Amino acid sequence: CSTGRFAFPQYTLIIPSLVDGGMDFYYEYQTHRFCEKELVAMHENMLKVLDMGMKDPTITIGQLLDSL
């Protein structure tokens, strides 16, 4: 359970999953700055960027940002 009191507006922690070999995503954020809908959209964009990077390791950051 989060209090929503953090020094920065949002933190993201991504760690390897010991259960299934995937990745676990954890978010901590200032609750007065973000709503659940915004966090879900950010998470979906993050997954999209990771997927594109795995499919094409030569893709640039600019190309990734342009695709969002």
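**Figure 1. Confidence across the predicted chain.** Averaged over the protein chain, the pLDDT is 87, and 93% of the residues score at least 70. Please keep in mind that this is a predicted model. Among the elements, helix H1 has the highest mean pLDDT, 91, while helix H2, residues 61–67, has the lowest, 88. As a reading tip, where pLDDT is low, the predicted coordinates should not be read in detail.

**Figure 2. The whole chain at a glance.** You can pick out two helices and two strands in the protein chain, and along the sequence they follow the pattern β-β-α-α. The radius of gyration is 14 Å, well over the 11 Å that the globule rule gives for 68 residues, so the chain is more spread out than a compact globule. Its C-alpha atoms fill a box of roughly 40 × 30 × 20 Å along the principal axes. Buried residues make up 10% of the 68 residues. About 5500 Å² of the protein chain is exposed, with carbon and sulfur atoms supplying 61% of that area. Of the contacts with a separation of 6 or more, 26% come from residues 24 or more positions apart.

**Figure 3. The hairpin of strands S1 and S2.** Strand S1 covers residues 10–16 and runs antiparallel to S2, with seven bridges joining the two. At one place along this pairing, Gln 10 stands opposite Tyr 29 in S2. Follow the chain from one strand to the other and you pass six residues, and in this hairpin Gly 21 takes a positive phi near 80°.

**Figure 4. Phe 8 and Tyr 11, an aromatic pair.** A search of the whole structure finds two aromatic pairs. In the pair shown here, the ring centres of Phe 8 and Tyr 11 are 6.0 Å apart and the planes meet at 80°, so the arrangement is edge-to-face. Phe 8 is exposed, because its relative accessible area of 53% is over the 50% cut-off. Tyr 11 has a relative accessible area of 35% and is partly exposed.

**Figure 5. Tyr 29 and Phe 34, the other aromatic pair.** Tyr 29 and Phe 34 are also arranged edge-to-face, with 6.2 Å from centre to centre and 85° between the planes. Tyr 29 is the residue of S2 that faces Gln 10 in the hairpin. With a relative accessibility of 22%, Tyr 29 counts as partly exposed. Phe 34 is partly exposed as well, at a relative accessible area of 24%.

**Figure 6. Cys 35, in the loop before helix H1.** Look for Cys 35 in the loop that links strand S2 (23–29) with helix H1 (36–55). This cysteine is partly exposed, with a relative accessible area of 37%. Measuring tools in your viewer can be set on the C-alpha atoms of Cys 35 and Gln 10: these residues are 25 apart in sequence and 12 Å apart in space.

**Figure 7. Glu 36 in helix H1.** Glu 36 belongs to helix H1. Its relative accessibility is 63%, so Glu 36 counts as exposed. From C-alpha to C-alpha, Glu 36 and Ile 15 are 21 Å apart in space, and in sequence they are 21 residues apart.

Conventions. Residues numbered from 1 in each chain as written. Predicted model: local features only at pLDDT ≥ 70, side-chain atom pairs only at ≥ 80, totals over all residues. Heavy atoms only, no water. Phe/Tyr/Trp six-rings, centres within 6.5 Å; stacked < 30°, edge-to-face > 60°. Buried < 20%, exposed > 50% of the residue type's maximum accessible area, 1.4 Å probe, protein only. Helix = DSSP H or I, 4+ residues; strand = E, 2+ residues; numbered from the N terminus. pLDDT = per-residue confidence, 0-100. Pairing = 2+ DSSP bridges. Rg over C-alpha atoms; globule rule 2.2 N^0.38 Å. Contact = heavy atoms within 4.5 Å. Areas by Shrake-Rupley, 256 points an atom, 1.4 Å probe, with all protein chains shown as cover.
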